[in-house]
Structures are given as C-alpha cells and as structure tokens.
Amino acid sequence: LSLAEIDLGFRRYRLQQREAEQAMLEIWRGWDRVVGADIARNARPAAFKGSILLVHVTSPVWIHHLQFSKPELIARLNTELGRPLVSEIKFKVGSF
C-alpha cells in the first residue's frame with residue numbers, strides 16, 4: 001500500500017466515524033419524542049454502528065415488550081431522522 005492509499009483509507013474511516021457520531025446525536029435528540037414517555041423512561045440509545053442501533057433497557061420485560069414494537073420504532077426513527085439510517089435495533093439490559 002502506498003501512503004496515499006493509507007491516507008485515503010484513514011480519511012474514509014474518520015468520515016464514517018463522524019457520520020455515526022452525528023447520527024447518534026440526532027437519535028438522542030429525537031428519542032423521547034419518537035418513542036414516547038413510557039418507553040423513554042425504560043429504554044435509551046446506547047450505541048450506533050453501521051445501521052444498527054443498540055438500546056439499553058431497564059429489564060428483560062422491556063426487551064420482550066419492545067421486540068414487538070421494533071418495526072414501528074425503526075420506521076418512526078427514520079422518519080424523524082429524515083433518512084433511513086436505522087435498519088435494526090438490538091435491545092440489551094443496561095444502565096443509563
């Protein structure tokens with residue numbers, strides 16, 4: 001690999017990182033409005049990689065509940081974001 005190819009690869013990587021950080025910020029800003037108060041009290045976005053959103057929830061019961069709402073949540077998030085950034089949501093019990 002030449003230095004130019006390494007530099008180009010690094011620049012692409014940094015651009016992807018910035019885009020992911022920006023998307024996560026946008027998701028955080030609209031989360032409460034998109035999911036509503038009950039879900040917002042029990043679930044929070046934790047990470048965003050590629051098009052997969054990791055959401056921490058307060059209990060396994062909330063994982064079960066949100067699995068049924070996943071397609072609707074993805075659609076509402078993407079509508080809020082104005083573009084199809086989220087293709088999958090994974091839920092995990094975690095702290096927030």
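This report describes the helices, strands, core and selected residues of a predicted model.

## Helix 1

Helix 1 covers residues 3-35. Its end C-alpha atoms are 46 Å apart, which agrees with the 48 Å that its 33 residues should span at 1.5 Å a residue. The helix nevertheless contains a kink of about 40°, and this kink is centred on Arg29. After the helix comes Gly36, which has a positive phi near 90°.

The buried residues of helix 1 are Ala23, Met24, Glu26, Ile27, Gly30, Trp31, Val34 and Val35. They pack against helix 2, strand 1, strand 2 and helix 3. An α-helix has 3.6 residues a turn, so residues three or four places apart point the same way. Among the buried residues of helix 1 are Ile27, Trp31 and Val35.

## Glu26

Glu26 lies in helix 1. Its relative accessible area is 18%, and it counts as buried because the cut-off is under 20%. With neighbours within four places in sequence left aside, the contacts of Glu26 are Leu81 and Arg83. Of these two contacts, Leu81 belongs to the buried residues of helix 3.

## Strands 1 and 2

Strand 1 (43-49) and strand 2 (52-57) run antiparallel and are joined by six bridges. The two strands form a hairpin with two residues between them. Gly50, in the turn, has a positive phi of about 65°.

Individual bridges place residues of the two strands opposite one another. Ala43 has Val57 of strand 2 as its bridge partner, and Pro45 is partnered by Val55 in strand 2.

## Helix 3

Helix 3 runs over residues 60-81. A straight helix of 22 residues would span 32 Å at 1.5 Å a residue, but the end C-alpha atoms of helix 3 span only 28 Å. Helix 3 also has a kink of about 60° at Ser69, shortly before the proline Pro71. Just after the helix, Gly82 has a positive phi of about 80°.

Trp62, Leu66, Ser69, Lys70, Leu73, Ile74, Leu77, Asn78 and Leu81 are the buried residues of helix 3. The kink residue Ser69 is therefore one of the buried residues under the 20% cut-off. The elements against which these buried residues pack are helix 1, helix 2, strand 1, strand 2 and strand 3.

Ile74 sits in helix 3 and counts as buried, at 13% relative accessibility. Residues up to four places away in sequence not counted, Ile74 touches Val86, Ser87, Glu88 and Ile89. The C-alpha atoms of Ile74 and Leu85 are separated by 9.0 Å, and the two residues are 11 residues apart along the chain.

## Strand 3 and the crossover

Strand 3 covers residues 88-93 and pairs with strand 2 in the parallel sense over six bridges. From strand 2 the chain crosses through helix 3 to strand 3, and this β-α-β crossover is right-handed. Within the pairing, Ile52 stands opposite Glu88, and Val57 stands opposite Val93. Val57 is also the bridge partner of Ala43.

Val93 is in strand 3 and counts as partly exposed, at 40% relative accessibility. Its contacts, leaving aside neighbours within four places in sequence, are Val57, Thr58, Ser59, Pro60 and Ile63. Val93 and Arg83 are 10 residues apart along the chain, and their C-alpha atoms are separated by 28 Å. Arg83 is also in contact with Glu26.

## The nonpolar core

The largest nonpolar core has 22 residues, of which Ile27, Trp31, Leu53, Val55, Leu66, Val86 and Ile89 touch the most other members. Helix 1, helix 2 (37-42), strand 1, strand 2, helix 3 and strand 3 each give two or more residues to this core.

Val86 has contacts with Ile27, Phe48, Ser51, Leu53, Ile74, Asn78 and Leu81, leaving aside its neighbours within four places in sequence. Among these contacts, Ile27 is a buried residue of helix 1, while Ile74, Asn78 and Leu81 are buried residues of helix 3. Leu81 is in contact with Glu26 as well. Val55, another of the residues that touch the most other core members, is the bridge partner of Pro45.

Key: Residues are numbered from 1 along each chain as its sequence is written. This is a predicted model: local features need pLDDT of at least 70, side-chain atom pairs count only at pLDDT 80 or more; totals for chains, interfaces and linings use all residues. Side-chain values use heavy atoms; hydrogens and water are left out. Helices (H or I, at least four residues) and strands (E, at least two) are DSSP runs, numbered from the N terminus. Buried means under 20% relative accessible area, exposed over 50%, partly exposed in between (1.4 Å probe, protein chains only). Contact means heavy atoms within 4.5 Å. A nonpolar core is a set of buried Ala, Val, Leu, Ile, Met, Phe, Trp, Tyr and Cys residues joined through side-chain atoms within 4.5 Å. The expected span of a helix is 1.5 Å times one less than its number of residues. The bend at a residue is the angle between axes fitted to the seven residues ending there and the seven starting there. Two strands pair if DSSP finds at least two bridges between them. A crossover is right-handed if, with the strands pointing away from the viewer, the path from the first strand over the helix to the second runs clockwise.
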